[in-house]
Each structure stands twice: as C-alpha cells, then as structure tokens.
Amino acid sequence: MNETAKEINPNTVPLEDATARILVADDDKLFQELFKDLILDMGHEILMVDNAMELLEKVKEFKPDIILSDVVMPGIDGFELTRRLKADPQTMHIPVVIITSLSDRSAKVSGLEAGADELLNKPIDETELSLRIRNLLKVKRFEDYLMEHGKSLSSEVASKTVQLENAFEKIRSGYIETVNRLTLAAEYRDKETGSHIKRISLCSQLLARYCGLDEPQVEAIFFGSPMHDVGKIGIPDSILLKPGKHTEEEFETMKTHSVIGADILRDAESEILIAAREIALSHHEAWDGSGYPDGLKGEEIPISGRIVRVADVYDALRSARPYKKAMTHEEAYKIMYEQKDKFDPSLLKAFDECQDEFRRLFDENQESD
Ligand SMILES: [Fe+2]
C-alpha cells in the first residue's frame, strides 16, 4: 500500500543550517586553505578540486548541495563549467556560486548568463560567503523537498491508476459474466446452449467488424447479441417447447418474444444493454419489410439488428431442431441467397466474403457433450 501523499508543510522541510556538502574548484592553494577553514567552521563538508574538469568528474559521486568555482583555472573556465553543470539534468539543480577577482561588469554578466546562481568577489568576505551559502542551501533544500514530493505524488498517481484500471476490469468482466449467465438462464427452457449464444456473438462480431463499425459498436454488438432472444422467457412452455411446427396463432405468440425482450431491457443505461435491447427488438425485421414486430424496411432497421439477423438465420439453418435436420454450410448459404431480399445486401455480401470464417466459427463452437 502506498502512503497517502503528504501535503507540503514548510515545517517538515530540512533546516537550511543542517550540514551541507560543498564542492569547490580553485587552483590557488591559498584560496583552497581559506575555503576549507571557512566552510569547515560553518559545519559543512567540503571537497576541494584544482580545476573544472576534476569538478565535473567528482560532482555526480560527491552530490554537493552547493558548488563554488573560481573563474580562471587551467582547462575550461568557471563560466564554461557552470554552463555544463546547468545543461546536465543531473546537476542543473545544484546552485553554483562563481567567485571571481574580475570585478568588471562584463565578467558578472558572463557569470549570470552561464547560469550562476550567485557571484562573489575575491577577496572573500567571510560573513557574506556564510550568508550566501545559508540562503542558497535554504532554497536548495526546499527545491529538493519539492522534487521528492513530486516524485512520490507521481508514483502514487501511477499506482492508483493501475488499481482503478484493475477494479474497472473486474467490474466489467463481472458485468459481462452476469449478462451471459442471465442470457443462458433465459434460454435454458428453450434448450438453447451456451455454444449457440457464443456463435451468435462471434458471427455478429465478425460481420460488425468486417462492415467497418467502430470498436465500441463492435463490442456492444458482441456482448449485446447473446440477449437477442431473451424475450422467449415470456413465451408459454406449450408453445416454446412444442416439438412440431407452430400453428399460425402460436407463431404470432412466438413473435412477441422480440417485444418482450425489448421490454425486459428497456430503460437500459449501459451501451451493451442499449445495444441488446435494439437487437432484441429488431433481429426479426427483414430488409424487404416483411419482418416483425414493426415491419421496418431497409435502413429503418438498426444495423445491429440487421447484423444479428444474418448470424441468427445462418445458425438456425445449420442447427438441428425437433422438426428439422441440421443443414450443411452450402445448404444454409443457398437458402439465405434464396431469401436474399430479407437481408441487408451489403451484409449478405459481407457474409459471402466471410463465409469460410462463418463455417469455421460454427464448426468450432459446438457443445462438447
Ligand atoms: Fe429471435
């Protein structure tokens, strides 16, 4: 578990007068001794180097809180050293104080342009140096604290995001599983199987994707299509389970399953159940207007209903019923083309182009028992 992010409290920022690590570059031995005495007297740690290149070698290992640098040294000068330190993300946050005996204005401007945080003149004024170090440390400690605080906040946000994604995925899969089980319960009386529901889902998804529907629509059809016959729960056993052909009157009752299904799924708020309701109501509508319940024609029929109709008719033709044998793929294909006016022509064309995949999905998704 992550700790809750702490609010920034200035009282918890380390004191500026705590021991600091100070890295000093100066090639003058006399100044080196002077810096050592002054800085050790202030209670800080010091590492002295003779030139800028040596400072650059030591800086990442020593991790100073402040860098003091002379300007004129063998090799690169203090200005170039400052530029390099400020260009490196690992050292850019370390305050740099340039100490120079050059007193003219252009030297000061060069130091500031290079990115120096402070400029001090030689000879060194002990009190001034002490106060500058104290002030820079105060700022540095607060910046360090903010950086640490920022890092812990970022990692906490990342961790909470993962937790939220996991929780969302659990809720989503639980929701989909519940929908599938309720669908199976509704189909149970009809002796429909989990495989039939799975096939409708897979074939509808195939067509939806092939026709270029966007992924949220494809997903809504994939998860909503298994509920296309949920309204059969409202059909009396004597009609639903009748082994032979239905009378005209019985067939009229059977046809009400689309309206009953839409009624069961009314006022849905989730995209999946909204699609499921649309499919339940429209999957027996026919392109030529001869379907039910509303006799819709052509594009008046929602695309989801038109898609599921193709998948449902194919599956019904290929499945055995008490009153009919199962058809082969070729027989089912032929019948569908004989009734081509009842299907959206673009979907029938898609079915034709994907027929091998339809055949495979049907053959591979059979009940094992
Ligand atoms: Fe149906």
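User: What makes strand β3 (residues 66–70) count as mostly covered?

Analyst: In this predicted model, five of the five residues of β3 are buried. A residue is called buried when 20 or more other C-beta atoms lie within 10 Å of its own, so each residue of β3 meets that cut-off. Ile66, Leu68 and Asp70 point one way from the strand, Ile67 and Ser69 point the other way, and all are buried. In a regular strand the side chains alternate between the two faces of the sheet.

User: How do you know that β3 pairs with β1 (residues 21–25) and with β4 (residues 96–100), and in which direction do the strands run?

Analyst: Pairing requires at least two bridges between two strands. Four bridges join β1 to β3, and these two strands run parallel. Four bridges also join β3 to β4, again in parallel. Both pairs therefore satisfy the requirement. In the pairing with β1, Ile67 of β3 is the bridge partner of Leu23. In the pairing with β4, Ser69 stands opposite Ile98. Between β3 and β4 the chain passes through helix α3 (residues 78–87), and this β-α-β crossover is right-handed.

User: Why is the chain called more spread out than a compact globule?

Analyst: The chain holds 15 helices and five strands. Its radius of gyration is 39 Å, whereas the globule rule gives 21 Å for 369 residues; the value is well over the rule, so the chain is more spread out than a compact globule. Along its principal axes the C-alpha trace spans about 115 × 40 × 40 Å. The chain is divided into domain 1 (10–154) and domain 2 (189–364), and the C-alpha centres of these domains lie 77 Å apart. Of the 369 residues, 32% count as buried.

User: Why is Ser195 called partly exposed, and which residues does it touch?

Analyst: Ser195 has 16 C-beta neighbours inside 10 Å. The buried class begins at 20 and the exposed class ends at 12, so a count of 16 falls in between and Ser195 is partly exposed. Ser195 is found in helix α6 (residues 194–210). Leaving aside residues up to four places away in sequence, Ser195 touches Asn365, Gln366 and Glu367. The C-alpha atoms of Ser195 and Asp65 are separated by 69 Å.

User: What makes Lys63 and Asp267 count as exposed?

Analyst: The exposed class takes residues with 12 or fewer other C-beta atoms within 10 Å. Lys63 has 12, so it is exposed. Asp267 has 8 and is therefore exposed as well. Lys63 lies in the loop between α2 (52–62) and β3, and Asp267 in the loop between α10 (257–264) and α11. Neither residue is a glycine, yet phi is positive in each: about 50° for Lys63 and about 55° for Asp267.

User: Which peptide bonds are cis, with omega about 0° or near 10°?

Analyst: The bond joining Lys122 and Pro123 is cis, with omega about 0°, and Pro123 is placed in the loop between β5 (118–121) and α5 (126–188). The bond from Tyr292 to Pro293 is also cis, with omega near 10°. Pro293 lies in the loop between α11 (271–282) and α12 (303–318).

User: Where does pLDDT stay under 50?

Analyst: The chain averages a pLDDT of 88, and 93% of the residues score at least 70. Over residues 1–6, however, pLDDT stays under 50. Where pLDDT is low, the predicted coordinates should not be read in detail.

How values were computed:
Residues numbered from 1 in each chain as written. Predicted model: local features only at pLDDT ≥ 70, side-chain atom pairs only at ≥ 80, totals over all residues. Domains from an automatic or database assignment. pLDDT = per-residue confidence, 0-100. Contact = placed C-beta atoms within 7 Å. Right-handed = clockwise from strand over helix to strand, strands pointing away. Rg over C-alpha atoms; globule rule 2.2 N^0.38 Å.
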